[in-house]
Amino acid sequence: MPTSSASTTDSARSSSNGGVQSLERAFDLLERMADAGGEVGLSELSASSGLPLPTIHRLMRTLVACGYVRQQPNRRYALGPRLIRLGESASRLLGTWARPYLARLVQETGETANMALLDGDEIVYVAQVPSKHSMRMFTEVGRRVLPHSTGVGKALLASFPPEEVRALLSRTGMPAATEKTITTPDGFLAALEEVRRNGYAIDDNEQEVGVRCLAVPVPDSPTAAAISISGPAGRVTEAATDKIVPMLQQVATELSEALASSTPTA
């Protein structure tokens with residue numbers, strides 16, 4: 001692995017897959033920073049990445065100059081504000097790519113289909129295709145909700161360690177949207193265990209009275225994502241659940257494969 005004295009041509013060095021090694025390393029460092037909560041020290045990055053400190057320092061200097069990273073007064077490094085614009089644009093594109101898959105869900109289930117991401121401690125809806133029924137659910141794209149009262153929130157947090165879930169819930173609180181909202185960490189963790197056991201999540205009148213939602217995570221998504229269908233409780237019954245969940249899981253798998261390719265299509 002090159003050190004600072006032997007890597008003056010990092011920007012031109014090719015990696016084994018034909019890419020530029022310094023770019024691959026820079027993006028890897030950004031992802032490691034995000035995984036660490038957005039702020040890290042150079043020694044932490046060196047320990048987690050295996051790169052020597054001089055190499056990391058040079059890459060971070062470049063990222064700081066470009067505005068993608070900023071150095072804090074305590075000498076640690078934090079993700080920079082210039083990443084926000086990239087993230088917002090990527091979220092919009094993700095929603096655009098997902099729409100054909102959501103449209104298929106609407107056609108097959110008859111209910112409104114949604115896609116949501118975990119953004120910090122909140123759920124944000126990035127795409128929706130409405131049902132053709134006159135009585136249908138509508139969630140505005142861009143709307144943010146707390147995860148404890150939603151099917152997509154349960155689907156997204158089911159893979160998180162319990163201590164991380166508890167920490168999130170302590171930051172957000174667990175206000176009751178309806179009488180059926182889960183309002184205790186222990187109750188929510190029990191619900192997540194049920195999600196893992198069943199392979200899907202349910203919001204049963206927990207976010208809005210009279211509405212049921214079924215949700216599954218998008219496997220191996222580049223960012224934590226879930227898709228769902230929502231409709232009146234009188235239509236999204238237990239019998240309907242048995243038919244709808246396999247469709248959700250199939251579409252989530254196909255969407256995952258599309259996102260992993262360079263040209264996602266339905």
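Let's start in the middle of a sheet: L214 stands opposite I229 in β9. Before going on, note that this is a predicted model, where local features need pLDDT of at least 70, side-chain atom pairs count only at pLDDT 80 or more, and totals for chains, interfaces and linings use all residues. Residues are numbered from 1 along each chain as its sequence is written, and side-chain values use heavy atoms, with hydrogens and water left out.

A word on names: helices (H or I, at least four residues) and strands (E, at least two) are DSSP runs, numbered from the N terminus. Two strands pair if DSSP finds at least two bridges between them. Strands β8 (residues 211–217) and β9 (residues 225–232) run antiparallel and are joined by seven bridges. Another match along this pair is V216, whose bridge partner in β9 is I227.

On to β7, which is joined to β8 by four bridges, again running antiparallel. Here I202 stands opposite L214 in β8, the residue we met facing I229 in β9. β7 and β8 make a hairpin with six residues between them, and in the turn N205 has a positive phi of about 65°.

Now zoom out. These strands belong to an open sheet of six, in the order β6-β5-β4-β9-β8-β7, with antiparallel pairing. β6 (144–145) and β7 (201–204) are at the edges with a single partner strand each, so one side of each has no neighbour in the sheet. What about β8? Six of its seven residues are buried (under 20% relative accessible area, with a 1.4 Å probe and protein chains only), so β8 is largely enclosed by the rest of the structure. Helix α8 (residues 238–260) lies across β4 (112–119), β8 and β9, and runs at about 35° to β8. Such angles run from 0 to 180 degrees between N-to-C directions, using axes fitted to C-alpha atoms, for helices over the stretch in contact; contact itself means heavy atoms within 4.5 Å.

There is a second sheet to find. It is open and has three strands in the order β1-β3-β2, with antiparallel pairing. β1 (39–40) and β2 (69–71) stand at its edges, each with a single partner strand, so each has one side without a neighbour in the sheet. β2 pairs with β3 (residues 77–79) over three bridges in the antiparallel sense, and V69 stands opposite L79 in β3. Helix α3 (residues 53–66) packs on this sheet, touching β2 and β3, and its direction makes about 105° with that of β2. Helix α1 (residues 21–35) lies across β1, β2 and β3, at about 90° to β3.

Finally, pick out T181, in the loop between α6 (162–172) and α7 (185–198). Is it buried or exposed? T181 counts as buried because its relative accessibility is 7%. Its side chain makes polar contacts (N or O atoms within 3.5 Å, one able to donate a hydrogen and the other to accept it; residues adjacent in sequence count only if both atoms are side-chain atoms). The T181 side chain reaches the backbone oxygen of E206 at 2.6 Å and the backbone nitrogen of T178 at 2.9 Å. Leaving aside residues up to four places away in sequence, T181 touches H148, S149, P175, A176 and E206.

Note on methods:
Buried means under 20% relative accessible area, exposed over 50%, partly exposed in between (1.4 Å probe, protein chains only).
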